[in-house]
Amino acid sequence: MLELDGLEKSFGEVRALDGASLAARPGRVMGFLGPNGAGKTTAMRAVFGLVALDGGRVCWQGRPLGRADRLRFGYMPEQRGLYPRMRIAEQLAWLGRLHGLGAPEAGRAAASWLERLGLADRKRDRLEQLSHGNQQRVQLAAALVHGPEALVLDEPFAGLDPMAAEALAGIVREQAAAGVTVVFSSHQLDLVQDVCEDVAIIDRGRVVLSGSLEEVRRRAPHRRVDLALEGEAEWSPGLPGVERLTRRNGLTTYLVPAEADPAALLADAARAGRVTRFSFQPPTLSDLFREAVER
Amino acid sequence: MSAGRDVYLVAQREVRERVRSRAFVVSTAFTLLLVLGVLAVLAFFSDRPPPAYHVGIVGESSPGLRGALDLAAAANGALVSTEPLADRAAAEGALRREDVDAALFDDGTILLARRGNPDLESMLTVALRQAAFVERLAEAGLDPEEVQDLLLPAGRVQVEALEGGGDDGDSGIAVATAGVVVLFVVISSYGQWVLTGVLEEKANRVVELVVAAVPARRLLAGKVAGIGLLGLIQLVLLIGIGLGAGVFLDLFELPRTAVATAVWTVVWFMLGYAFYAVIFAAAGSLVSRQEEAQAAAMPIALGAVGMYLATFVVVLPWPESMGARLLSLFPAAAPIAFPARIALDAVAPWELFVGVALMIAAVYGMVRLAARVYTGALLSSGARLGWRKAWRAARHVAG
């Protein structure tokens, strides 16, 4: 288990991390969400010892994370980049060796990842000779080549087309299924909802919401009601604590208290007009995110 | 993972990638060709081997002529050989065929293919006059052989000079000058390689991935060591080929101090390179874009040029002066100035000891300082960082 425990870090006046804590479990994928500047990248850099923390600690398997542990982690920094003039197979093998693999082992691992990512016939090419999409694949292989026990990916889906994103999601799920602890940050909330089992939402340096996706949705104090009435008739639920979110294409979305009775709501709405669509669900990740980081 | 393995892996990558690059192969070949070219030009213009003349002697020569020719040749530092020729026609033929350089007649005529070699003319004139002199003494009743003996150099002549320096002073200066130029070029060009290498890693943003696995100080050490190893190989090639070609082309005898100079040059290269390379590395880490490389390198390169010029102006002409002594103890100048003084045999052993000790201390201090700036600046992006800002930013970087 990878734990961030009360991380604190200030850069001058800016408080980048203000007691951020989370726990990522092996075999599960955690989405790490937050608005720009919330502290995602600083927290991820702290995992790799790239940031000197003012307080708190990062633990792995219950003990403070050390340099030897980090070598068994895979990292995709927000700032992508590899050596442009280095041949890709050699580059991956070299990175594998930096993480402790022996030379033959590193060569085999590099070859097998290039094979897996469909770049086997390009292995002698320099990175700069590859297309942007293929460079992204090599970047992913760079995080995976040494067979890490934990993967920390900073915005891995940024800039990927839907096919590439789907392929990445597949690899991420597969790694988790093999027992790897995966944490990735993202802005694309619907994507996160599809890929991850756990979420942590960070805002202004603090983790404001975390847990399994199912649980945080269930635990939310609201439910989302989508309703369409024939002829766009007006209805408002006769309940305290109701918020009307949007009205689009005849479909109106409300947030209602979680304890509200869906059957009663439907019956009430039916009195205002003929109901053509009705749903009563836990809030989406977007709803939770918006609520968690509301300013 | 051990520091040694990290540094080795980083250095190995540097060496492998650079040796393969066309820039390295071309620059090494070009430098070697340049050195060989300079030596060849020097050889062309330097002291020629003693001129050798083949002289035809027409008719019955006076008995003393052969001896007089040898004496005159020795005085002029030339070699003379002779062959008898039958008559003027034979002499003219031999001259036209360039079989002989000159022909002497018993009436005292010197026949040349054309005029234009005053050394030869005056040497032959002296020889003919002396032969005539010997002949007259013989006519006066003296035995020609006795006369000849009397004319031979008598006693031993010794040359002494007020200024010391020994007989390889000239070679010493040549070696010192060559050493200064080569050291300056190698240290500053390899230093700049370090700068561009650091900058490339930053500009391509690969550095964050690397420092997540290898602490920044080890990355710095490996990079400096790898590029330095290439510099060392190039320097040893240069010295070896330079000295070898110089001896082969008869440019110089290896001066007494040559081996020591070569060894010390290598030692000072390593110290000087380490000193400058880490400064170049720190400067490279302060910028994020290739276009800024020149601006980042400028102050350091200017400093190195200043030390280089100071060595030329102060150390080479007056290697034992106070100025030269001070300059060679100053760490930024020492790697260039010290080897020059060693080549000129102007260093007391204690000075060498103090100089190396001071330099090692300076390298250590500079490594600490540069490593901190490098660490602080490495993960910054965007605008160019100041040294002080980077120094302070290092606080925020763990490791």
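**Close-up views of a predicted model**

**View 1. B:R205 is partly exposed, with 17 other C-beta atoms within 10 Å.** The structure shown is a predicted model. That count falls between the limits of 12 or fewer for exposed and 20 or more for buried, so B:R205 is classed as partly exposed. The residue sits in a loop of chain B, after α7 (169-203) and before α8 (207-213). Its backbone deserves a look: phi of B:R205 is near 60°, a positive value in a residue other than glycine.

**View 2. A:E155 also has a positive phi, near 55°.** Glutamate A:E155 is, again, a residue other than glycine. Its loop in chain A links β7 (150-153) to α6 (162-177). Around A:E155, 21 other C-beta atoms lie within 10 Å. The cut-off for buried is 20 or more, so A:E155 counts as buried.

**View 3. Chain A meets chain B through 23 residues of chain A and 20 residues of chain B.** On the side of chain A that touches chain B, helix α3 (residues 88-98) gives the most, with three residues. By class, this side of chain A has 15 nonpolar residues. Five polar and three charged residues complete it.

**View 4. Chain B is divided into two parts, domain 1 and domain 2.** Domain 1 of chain B is made of two segments, 3-44 and 170-396. Domain 2 of chain B covers 52-151. The C-alpha centres of these two domains of chain B lie 60 Å apart.

Definitions and conventions. Residues are numbered from 1 along each chain as its sequence is written. Chains are lettered from A and ligands numbered from 1 in the order in which they are written. This is a predicted model: local features need pLDDT of at least 70, side-chain atom pairs count only at pLDDT 80 or more; totals for chains, interfaces and linings use all residues. Domain bounds come from an automatic or database domain assignment. Helices (H or I, at least four residues) and strands (E, at least two) are DSSP runs, numbered from the N terminus. Two residues are in contact if their C-beta atoms, placed from the backbone, lie within 7 Å. Ala, Val, Leu, Ile, Met, Phe, Trp, Tyr, Cys and Pro count as nonpolar, Asp, Glu, Lys and Arg as charged, and the others, Gly among them, as polar.
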